[in-house]
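Biologist: Please give me a close look at one part of this model: its enclosed space and the residues around it. Start with the whole and then move in.

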Amino acid sequence: MAALTPLSTPPASPDAVPAPARRRPRYWRGAVLTVAGLYFLTPLVSSFVFTVHVPGQGLTFAAYSGILSAEGFTESLFLSLSLAAATIALALLLVVPALIAVRLGPPRLRAVVEIVCMLPLVVPPIALVTGIATVLRWGPDHFSRTPLYQTFLAVQNESFPVVLVLAYTVLALPFVHRSLDAGLRAVDVPTLVEAARNCGAGRLYVILRVILPNLRSSLAGASFLTLALVLGEYTVASLLGFRPFAVWIVSVSGAEARMSVAVSLLSLLITWALLLVLSRAGTGPSTAVPGGAPSAAGPTGSAGSAVSPSAPDPAAAPISVPGKE
């Protein structure tokens with residue numbers, strides 16, 4: 001009977017770590033990545049082959065060597081980059097304070113701000129540029145004897161058209177709003193602001209040193225989306241008569257088709273390089289409170305002293321009451 005009695009298995013220890021489950025290879029992931037890679041790389045490789053292979057001449061890099069010496073290349077590129085920098089600064093200056101105020105104010109204002117920022121997705125760019133062109137033509141005729149006449153001329157300066165910055169800011173509002181709103185949803189803004197104000201910080205200090213450091217990745221994402229929008233925008237600038245980088249590429253495509261494709265590839269590489277720079281800027285070293293406890297204020301450290309856990313006080317030990325032991 002003893003030989004037929006099943007051996008009892010010892011109970012599992014609660015501290016025992018379960019063996020990791022063996023994962024089955026999923027070949028469909030590799031297939032999806034391969035198809036996606038071919039989908040994105042095939043047009044790029046085909047464009048590169050078109051720029052370096054000339055029928056009857058063989059392999060040549062004349063399309064790339066003549067880019068820097070091409071007429072209008074440097075001016076149009078610097079114009080687009082300066083417009084992008086001004087658009088990023090203006091869009092962030094408008095959206096960041098508005099979203100912070102909405103987070104600290106009545107919740108019903110969030111829907112109003114979101115609707116206003118999403119309107120450029122509903123209005124086509126052709127309709128927007130038509131309205132801008134109408135105002136620019138109508139203004140000098142009615143304000144020729146007022147100081148506003150010089151304003152209408154200044155915003156249309158070809159060296160730096162301010163009207164394009166205003167139009168690009170409107171077009172970039174949906175992307176900037178979505179990126180910053182996602183970042184603010186992950187941050188407890190009221191708690192951070194209250195903790196910093198209890199430490200004696202002012203409103204401007206709270207925004208610059210407490211909230212913005214927690215939005216690095218969101219700010220970098222919004223900046224990159226705005227940069228990509230400005231570098232690739234053609235409709236508004238072309239109809240208003242200006243010549244930034246995208247308009248210059250289209251203008252040289254008729255006479256120098258290979259050069260225009262080569263410039264397009266280089267602009268794509270420049271955009272990727274700027275994406276890497278902005279992604280590096282959006283990530284910072286994480287800070288921790290001595291002792292291993294993470295700071296409640298994140299990378300700022302400004303409000304960490306107000307909300308970080310403190311060591312137990314020996315004086316706060318319970319007092320024994322006679323007769324209650």
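Modeller: Here is the whole chain, then the cavity, its surroundings and the pocket.

This is a predicted model; local features need pLDDT of at least 70, side-chain atom pairs count only at pLDDT 80 or more, and totals for chains, interfaces and linings use all residues. Residues are numbered from 1 along each chain as its sequence is written, and side-chain values use heavy atoms, leaving out hydrogens and water.

The protein chain has 14 helices and two strands. (Helices are DSSP H or I runs of at least four residues, strands E runs of at least two, numbered from the N terminus.) Of its 325 residues, 32% are buried. (Buried is under 20% relative accessible area, exposed over 50%, partly exposed in between; 1.4 Å probe, protein chains only.) Take contacts between residues at least 6 apart in sequence: 75% of them join residues at least 24 apart. (Contact means heavy atoms within 4.5 Å.)

Now the cavity. A search of the whole structure finds one cavity of 30 Å³ or more. (On a 1 Å grid over protein atoms alone, a 1.4 Å probe fits at its points but cannot get out; a pocket is an open set with protein on both sides within 12 Å along at least five of seven lines; lining residues have an atom within 4 Å of a point.) The largest cavity holds about 30 Å³ of space. (Points join across faces, edges and corners; volume is the space filled by probe spheres set on them.) Leu77, Leu81, Leu231, Phe245, Ser267 and Ile270 form the lining of this cavity. Two helices, α3 and α13 (257-282), each supply at least two residues of that lining.

Ser76 belongs to α3, which covers residues 73-104. At 2% relative accessibility, Ser76 counts as buried. Which residues does Ser76 touch, beyond its neighbours within four places in sequence? They are Arg243, Pro244, Phe245 and Trp248. Phe245 also lines the largest cavity.

Next, look at α13 from another side. Thr51 sits in helix α1, residues 27-52. With a relative accessible area of 1%, Thr51 is buried. Leaving out residues up to four places away in sequence, Thr51 touches Thr60, Ala63, Tyr64, Arg258, Val261 and Ala262. Ala63 leads on to Glu256. Glu256 is found in the loop between α12 (245-252) and α13. The C-alpha atoms of Glu256 and Ala63 are 8.4 Å apart in space, although the two residues are 193 apart in sequence. Glu256 has a relative accessible area of 42%, so it is partly exposed. Tyr39 also lies in α1. Unlike buried Thr51, Tyr39 is exposed, with a relative accessible area of 62%.

Last, the open space. The largest pocket has a volume of about 180 Å³. Its lining consists of Leu90, Leu128, Gly131, Ile132, Val135, Leu136, Val155, Val163, Leu166, Ala167, Thr169 and Val170. Two elements, α5 (125-142) and α7 (162-185), give two or more residues to this lining.

To recap: α3 and α13 each supply at least two residues of the lining of the largest cavity, while α5 and α7 do so for the largest pocket. Ser76 of α3 is buried and has 2% relative accessibility.
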